[in-house]
Amino acid sequence: MAIVAIAFIFLNIRSHTYYITHEYWLQHYLNFGLTAAILGTLLMLKLGFGPRIIFYTTVYFWLANHILWHFIEGNPSNFAIFLLMIPIGSILVFGTRASLPHFCVFAVCCLLIPVVDSFLPYVPVDTSNAFFANGKGLFDSAMKVPLTDLSFIYVLMFGTIMYISLFIVLQERDRARAQVEALLMNTLPREIVDRLNREDRTVSLAVEPELADEFPAVTVLFADIVGFTSLSANIRPAELVTILNDIFTRFDGLADEYGVEKIKTIGDAYMAVSGVPTPVPDHAVRVAGMALAMVRAIDEYCQSSGHNLEIRVGVNTGPVVAGVIGQRRFAYDLWGDTVNLASRMESHGKPSAVQISDATESALNGALQVENRGEIEVKGKGMVHAWWLVGEVPKS
């Protein structure tokens with residue numbers, strides 16, 4: 001870009017010398033404007049301006065400058081070629097939909113300029129140089145070039161073909177990108193996908209500190225289907241997958257309903273969290289409400305399907321680290337002692353019940369009804385105080 005700009009500036013300096021020598025002052029000032037536009041573009045690039053601002057300030061300044069130059073000098077050759085920057089540049093900078101108004105500007109210029117030219121007189125010029133001949137324009141100039149009405153029509157046709165071709169290619173690219181983003185949305189939280197898009201990351205990403213964040217207060221849920229192992233020994237694998245899909249689809253719906261983020265499934269286990277990746281003040285209430293709804297959902301599923309299944313749920317509240325790991329088949333996951341204790345709350349619970357920790361009971365702050373279970377022995381933790389989550393607080 002800088003090399004091209006320097007070349008343009010060098011040519012314009014030579015043009016300035018020619019115009020000053022022959023006292024073509026108006027052309028000198030117009031050419032000076034082009035030089036200023038080139039320097040302004042370089043400055044905007046250096047200052048970090050976006051391509052949209054550069055397109056508006058540079059392309060349309062040049063467009064106005066060339067229109068004025070054309071009607072004064074009657075020299076359409078470089079102007080006609082320059083017009084192609086509008087449809088091609090706009091679709092590359094703005095995309096398919098937002099570029100349509102700019103393409104209309106291009107089409108209007110190509111159609112109206114020959115009409116305006118038809119009202120301009122032929123101006124006799126010095127034709128001692130065989131390259132120049134009489135042309136249309138407002139003032140006498142040694143740069144007149146004859147103009148045919150088809151000149152801009154050709155440019156319009158060529159620009160339209162280029163624009164449509166780019167439009168089709170970019171539409172296909174956007175469709176493919178939307179499909180990839182939809183897959184990412186099913187793999188990662190929406191906030192993480194938006195963050196990757198803003199930072200222009202590739203799908204194959206390495207572990208980086210900015211993709212692992214600390215959260216001081218979240219609530220983690222683990223759920224496990226009781227009786228699933230014995231059931232899997234008596235049915236075909238395809239039917240087993242169908243049952244799991246039906247159950248986890250119901251859980252996914254509950255996660256959306258309560259504003260909880262699903263993290264992953266491992267076999268017949270289900271893990272979810274609230275407060276990650278977007279912190280929320282009522283994370284404990286959301287997860288507790290979902291946990292009770294999961295127990296009800298399993299009961300309803302068993303009544304409709306005839307299967308004998310139960311669910312065991314454990315919940316804990318505390319700080320975690322959350323982020324994306326790995327370079328292939330990466331996933332959003334949680335780490336920390338809070339996660340470990342939530343898993344222990346599930347494994348040391350009982351079927352059709354929700355067991356919560358002291359931290360979760362405090363975070364609920366009386367929003368839901370609980371029963372004191374007392375202390376239980378947890379592997380790696382010793383004696384831990386736990387509670388049963390019973391249900392909503394009765395309304396007085």
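This passage walks through a pocket, a surface patch and a few unusual backbone spots in the structure above, which is a predicted model.

The pocket comes first. The second largest pocket holds about 680 Å³ of space. Its lining is built from 28 residues, and the ones that lie nearest the centre are Leu188, Pro189, Val260, Glu261 and Lys262. As for where the lining comes from, two helices and three strands each supply at least two residues: helix H8 (190–198), helix H10 (237–258), strand S4 (261–266), strand S5 (269–274) and strand S7 (331–335). Of these, S4 gives the most, with five residues in the lining. What sort of residues make up this lining? It turns out to be a mix, with 13 nonpolar residues, eight charged ones and seven polar ones. The pocket can be looked for this way because rolling a probe the size of a water molecule over the atoms shows where empty space is left.

Next up is the outside of the protein. Val108, Leu112 and Val115 come together as a nonpolar patch on the surface, and between them they have about 250 Å² of accessible area. Leu112, one of the three, sits in helix H6, which spans residues 100–117. Is leucine 112 buried, exposed or partly exposed? Its relative accessibility is 47%, so leucine 112 counts as partly exposed, given that the label "exposed" is kept for values over 50%.

The backbone has some surprises too. Valine 276 and proline 277 are joined by a cis peptide bond, with omega at about -5°. Proline 277 belongs to the loop that runs between S5 and helix H11 (283–305), and S5 is one of the strands already met in the pocket lining.

Two other loop residues stand out for their phi angles. Serine 352 is not a glycine, yet its phi is positive, at about 60°. This serine is found in the loop between helix H12 (337–347) and strand S8 (353–357). Asparagine 365 tells a similar story: its phi is near 55°, again a positive value in a residue other than glycine. Its place is the loop between helix H13 (358–364) and strand S9 (368–378).

How exposed are these two residues? Serine 352 has a relative accessibility of 32%, so it counts as partly exposed. Asparagine 365 reaches 68%, and therefore counts as exposed.

Conventions
Residues are numbered from 1 along each chain as its sequence is written. This is a predicted model: local features need pLDDT of at least 70, side-chain atom pairs count only at pLDDT 80 or more; totals for chains, interfaces and linings use all residues. Side-chain values use heavy atoms; hydrogens and water are left out. On a 1 Å grid over the protein atoms alone, a cavity is a set of points where a 1.4 Å probe fits but cannot get out, and a pocket is an open set with protein on both sides within 12 Å along at least five of seven lines; lining residues have an atom within 4 Å of a point. Grid points are joined across faces, edges and corners, and a volume is the space filled by probe spheres set on the points. Helices (H or I, at least four residues) and strands (E, at least two) are DSSP runs, numbered from the N terminus. Ala, Val, Leu, Ile, Met, Phe, Trp, Tyr, Cys and Pro count as nonpolar, Asp, Glu, Lys and Arg as charged, and the others, Gly among them, as polar. Patches are made of residues with over 30% relative accessible area and no salt bridge: like charges are joined within 9 Å, nonpolar side chains (Val, Leu, Ile, Met, Phe, Trp, Tyr) within 5 Å. Accessible areas come from the Shrake-Rupley method with a 1.4 Å probe; for residues, only the protein chains shown count as cover. A salt bridge is a side-chain nitrogen of Lys or Arg within 4 Å of a carboxyl oxygen of Asp or Glu. Buried means under 20% relative accessible area, exposed over 50%, partly exposed in between (1.4 Å probe, protein chains only).
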